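Biologist: Before we discuss any label attached to this assembly, could you put the model in front of us and be ready to defend each term by the rule behind it?

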Amino acid sequence: MKAKDIIKRVLLLEIIQGMALTLKTMFTKAVTRQYPEEPRAAMPGFRGLHALSKDEEGVMKCVGCGLCAAVCPSQCIKIFTAQGLNHEKVVERYEIDTLKCLFCAYCVEACPYGAIALTEHYEYSDYSKESFYMDKDKLLENWDKYMSGDKGNEYFKRFWKPMSIDFNTSEEQAVFKGWDNNK
Amino acid sequence: MTKTKDALRQRELTINMGPQHPATHGVLRLVLEIDGETVIKCTPYVGYLHRGTEKLCENRTYLSAMPLMDRLDYISSMANDVGYCVAVERLLGIEPPERAKFIRTMMCEMTRISSHILWLGTHALDIGAMTVFLYSFREREWIMDLFEMVCGARLTVSFPRIGGIRNDVSQEFLDSLYKFAEEFPSRIIEYETLIDQNRIWLQRTKGIGVISAEEAVNWGFTGPTLRGSGVDYDVRKYMPYDAYEQVDFDVPVGKEGDVYDRYRCRMEEMRQSVRIIKQCIEKLPKGPIMTPDAPKFTLPPKDKVLKDMEAMIHHFVMLTKGPLTAPVGEIYSSTEVPKGELGFYIVSDGSGRPYRMRLRSPSFVHVSALPRLCVGSLVADVIANIGTIDVVLGECDR
Amino acid sequence: MIDLIRIHTGDIIFNILIILVKTAVVFGVAMLHVAYATYFERKIIGHMQVRLGPMRVGYHGLLQPIADGVKAFFKEDIIPLNADKPVFIIAPLIAMFATISSLAVIPFFDGFVIADINVGILFLLAMSSLGAYGIVMAGWASNSKFSFLGGLRSSAQVVSYEIAMGLSLVGIMLMAGSLNLTEIVKAQQQYWHGMFLVPQFLAFFIFTVGAFAETNRTPFDLPEAESELVAGYFVEYSGMRFAFFFLAEYVGMIVMSSISVICFWGGWTLPPIIVNTFPFLGEIPGIIIFLLKVYCYLFLFYWVRATLPRYRYDQLMSLGWKVLIPLALLNIVATSLIKFFF
Amino acid sequence: MNPLSIAQTIQDKFPKEVKEIVEFRKQVSVIIQRDRAKEILAFLYFNKDFNFDYLVDLCGVDYMGQKKPRFEVVYNLFSMKHRHFFRVRVEVDEDTQDAPDNLSVDTVTDIWRGADWHERECFDLFGIRFKGHPDLRRILMPEDWEGYPLRKDYPLKSDLGDMEWQEYKDLIEFSEKAKQYEVR
């Protein structure tokens, strides 16, 4: 044992092992992603830029109940309602200060109608602060841009009412199915 | 004689290490008085990242205080969230369902791995082994992707909820997590090939920052920093929360209480975490992910909100005022986050907001002991000591 | 044509002209190699760390060193208010010129050397320790505590490793019987293996460690230990002056590699046993063999940097004084005994 | 050891000081008076049966308008040897004209070294002074900060106007000035 240790020490064995590892790694594929050329697709359900959803007829779903604004931890949602012609509630302004938002998606969880969504879009840097202040039109536009069609419906099915699904457990809940099948 | 003493005194040099310094891991500031290269006095200054989390919590409902917890120890946000939820659940006296417990445990251990490999990378980088840093980031990225897959965010997750979790995991996630658990141990061996037996690493870490078991307890050390000194104290074992009772794992302890032992402890902990993750996946039961037994403290199911008047009112009240029927009392609840013991002392006055929320953060205690570890050693050892206590200033300053 | 010039100018002026041309060629080629040594370092270390290295400027980042140079040249030159101005300005120049003048005595291939002096090795050792003055002065003149510590560390380090390195080369001198670098290369040809690396492996090891320490490379990069002293002696330097230090380090690396190649690897020659078996290999120009060997040695620098952690100051000292110098002395004694008896 | 019996032992030993024993969710705490607080804590530390060698946490609580002694200093204790948990709540009152030293407790840094920064923090955020503390300075807030932020009467959000912290005002002013250099 002792002699073995001395030999190891003199021959710098552990250093040679380390150097062999770095040399071996040199010939493996790099994990770097060349970002703007190879963009990274966000996973479904990513909490990115906000959007106000529309129903099938293209009308905004939001009714202006203000729950999202109440629950928002950073208080970045502002809603102003007014009375319409037939004495109904009309959402006059709906504004989100994106720079304040911390993307916890509590608003999505709070909304009883599924009117607000977080899209998978995450590249929205800009030079001016004003462009991050989303008003109603911009938010609705976001919906058309990033969530139109089936994507929006799918989003709400999977991420908007997760609790409701699981109070009564569905059959296809994910469980471990053995390591061999998914190698 | 006094003249000579004064002349000798002239040789001391005051170095301001931080708040901007490559090795202080954030905005920690150490004022070092050095004589040659030997540190004779060390004074840490913290508070550069103080955001008043405790004050903010007092003015928020239990639900909306949770995103603040993500931002305490931003390396291991999931563990903080779980710790917070466990604390509030203990206060409210509710119990999450089994499936949620297992998923939370799984997530906590993923966080532990991600935090420890980030620690390993930066610690090794401080000591000069820069390749370990990039290897560990390769795996950290993998865990981040898994987090994103399950909850849509990579760093500030806000995933658990009081009484359960936010959403269920997918089959795809479980499979890829199992794959990760299968492959990760070979990656640990890779890191160890580079540094574990390396003579320079051994010289830099053995016998540095030694602290005995009694002293470490007296200073209030927790987590791997304490276990490196040989104290077998792990909140997961002595006061199990979530599914830790139902999984089998060991708590590695060190012997000498030096930097190397703490490093070994963390490396072994990662292996144990992999073990726990595997068991969690294998044992994951079917069932609800949000407790149905405590309708007063959790949000009602979403499809009920628009059909049932009571549920609707409850939904509104829960979101705007918090759980109004919270019991009066105070509770201290601690969980084992990667850095140590994260404690929540919550005083409730029966309203929907905590009356007083106190956060006992491990980093704060560990930083306070830096002078004890550093005085008498060399400047290079200060770096090793900052690394070994695994400090995150967001948590330290709160 | 050449004869015409010689007739018209006379011998002395002609020789000076030749030397100037040689100097220009060596300087230019060396600078190009330095530029691309930085590129290869970043590429090699990048790939060792599962990264790609520079990829943006040009095809696979090939123009990166040029972009770096342009950037460094046009950057604002900042001199701290309380710095010792003349010393602050001189320091990078000293570091730069000390290392570059080392190139003068290095024979790149048979007959191509600017100054074929008889004390080549001594000149190299002297110049490489002169470079330390630049570092010490930079550390002092910046009037910053971090650079001051870096300067102190550097002076201590260079002093102790200079000895070990010099002593390790004594074995070579004994074997070759000369201090002239060309002679040393030629002396290696009388063995079948064609390089002193084989009999002098101990000296080679000591020299390598010493070379790492002399050029402030990992694991001995204490003067610029980035995690402790931020950047060590050049914390306060920026722009062109910073680039000078940077260049000096890389020229230093190339010089050290060249010394190693000349003294241990047989310079521009191939081992006789290989040339005798495959005669066509003897046709390869010496400069190519020399450069290949230099790049292999440079690769070792990068490789070690990607693998090893950094020593601590006192450990570095004890390694130098307690391990390397005794070993070097042992090597000298053994070499002399062998020389004497056989 | 059962935490209730620990509380009982303390009450037997210090009948005058212990005001109340509270149990909530299986966690027991004793509310004690300030004067002999350190003695009781030292007793908990040195007694072989208790051996509370680990001070988990030390913090202040402000019960403004809820309780008469306004503040409480809470010590959460744990024993590594016996693995039991206990809480001691020390009541302290506001400073008044008659008793200018009311808002202070004896330090426990000489028992638990880890209490050092917890006490500093408590001083910083509540203004509770710890007598005998080696280095009682502000820790999280800037050193020239006025007021104690975690007190209930400290506003969360305010328009302080002239009372605004001077350095913050300077910073705002500077950033206004710096705007002219911004590239548009």
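Modeller: Let us start with the polar contacts between chain C and chain A, where the count is 7 residue pairs, both residues of a pair being at pLDDT 80 or more. That filter applies since this is a predicted model.

Biologist: Which helices of chain C each supply at least two residues of the side that touches chain A?

Modeller: They are helix 2, residues 11-48, and helix 12, residues 286-307. Helix 12 of chain C gives the most to that side, with 6 residues. By class, this side of chain C has 12 nonpolar, 2 polar and 2 charged residues.

Biologist: What makes the pair of C:Arg56 and A:Glu37 a salt bridge?

Modeller: The closest N and O atoms of C:Arg56 and A:Glu37 are 3.1 Å apart, and the cut-off for an Arg nitrogen and a Glu carboxyl oxygen is 4 Å, so the pair qualifies. The count between chain C and chain A is 1 salt bridge.

Biologist: How do you know how much area chain C and chain A bury between them, and which residues of chain C supply the most of its part?

Modeller: The size of an interface is often given as the accessible area lost when the parts come together. For chain C and chain A that area is about 1,400 Å², 70% of it on carbon and sulfur atoms. C:Val50, C:Arg56 and C:Trp303 supply 37% of the area that chain C buries against chain A, more than any other three residues. In terms of contacts, 16 residues of chain C meet 18 residues of chain A.

Biologist: Which pair of chains has the most contacts?

Modeller: Among the 4 pairs of chains that touch, the most contacts are between chains A and B, with 59 residues taken from chain B and 50 residues from chain A. Chain B and chain A bury about 5,000 Å² between them, 60% of it on carbon and sulfur atoms, and B:Arg166, B:Arg199 and B:Lys302 supply 15% of the area that chain B buries against chain A, more than any other three residues.

Biologist: What makes B:Glu148 and A:Arg40 a salt bridge across that interface?

Modeller: Their side chains meet at 2.7 Å, N to O, and since the rule asks for a distance within 4 Å, the pair is therefore counted. Across the interface of chain B and chain A the rule finds 5 salt bridges, and the count of residue pairs in polar contact, both at pLDDT 80 or more, is 14. Several helices of chain B each supply at least two residues of the side that touches chain A, including helix 6 (130-151) and helix 12 (259-283). Helix 7 of chain B gives the most, with 9 residues, and the residues of this side divide into 25 nonpolar, 15 polar and 19 charged.

Biologist: How do you know that chain A and chain D are not joined by a contact?

Modeller: Contact requires heavy atoms within 4.5 Å, and the search finds no contact between chain A and chain D, whose closest C-alpha atoms lie 9 Å apart. No contact joins chain C and chain D either, their closest C-alpha atoms lying 18 Å apart.

Biologist: Why is D:Asp35 called exposed?

Modeller: The relative accessibility of D:Asp35 is 60%, and exposed means over 50%, so the label follows. D:Asp35 also forms a salt bridge with D:Arg34, the closest N and O atoms being 3.8 Å apart, which falls within the 4 Å cut-off.

Biologist: Why are D:Arg137 and D:Asp135 called partly exposed?

Modeller: D:Arg137 has a relative accessible area of 22% and D:Asp135 one of 29%; the class lies between 20% and 50%, so both values belong to it. The two residues form a salt bridge, with their closest N and O atoms 2.9 Å apart. Elsewhere, salt bridges that share partners join B:Glu109, B:Arg112, B:Arg227, B:Asp234, B:Arg236, B:Glu269 and B:Glu336 into one network.

Biologist: Which residues have the most contacts inside the largest nonpolar core?

Modeller: They are B:Phe173 and D:Tyr75, in a core of 157 residues. Helix 5 of chain B, residues 98-127, gives the largest share of this core, 13 residues. A second, separate core of 79 residues includes C:Met96, C:Val105, C:Met165 and C:Phe204.

Key: Residues are numbered from 1 along each chain as its sequence is written. Chains are lettered from A and ligands numbered from 1 in the order in which they are written. Side-chain values use heavy atoms; hydrogens and water are left out. Buried area is the accessible area (1.4 Å probe) that two parts lose on being put together, summed over both. A polar contact is a pair of N or O atoms within 3.5 Å; within protein, one must be able to donate a hydrogen and the other to accept it, and residues adjacent in sequence count only if both atoms are side-chain atoms. Helices (H or I, at least four residues) and strands (E, at least two) are DSSP runs, numbered from the N terminus. Ala, Val, Leu, Ile, Met, Phe, Trp, Tyr, Cys and Pro count as nonpolar, Asp, Glu, Lys and Arg as charged, and the others, Gly among them, as polar. A nonpolar core is a set of buried Ala, Val, Leu, Ile, Met, Phe, Trp, Tyr and Cys residues joined through side-chain atoms within 4.5 Å. Buried means under 20% relative accessible area, exposed over 50%, partly exposed in between (1.4 Å probe, protein chains only).
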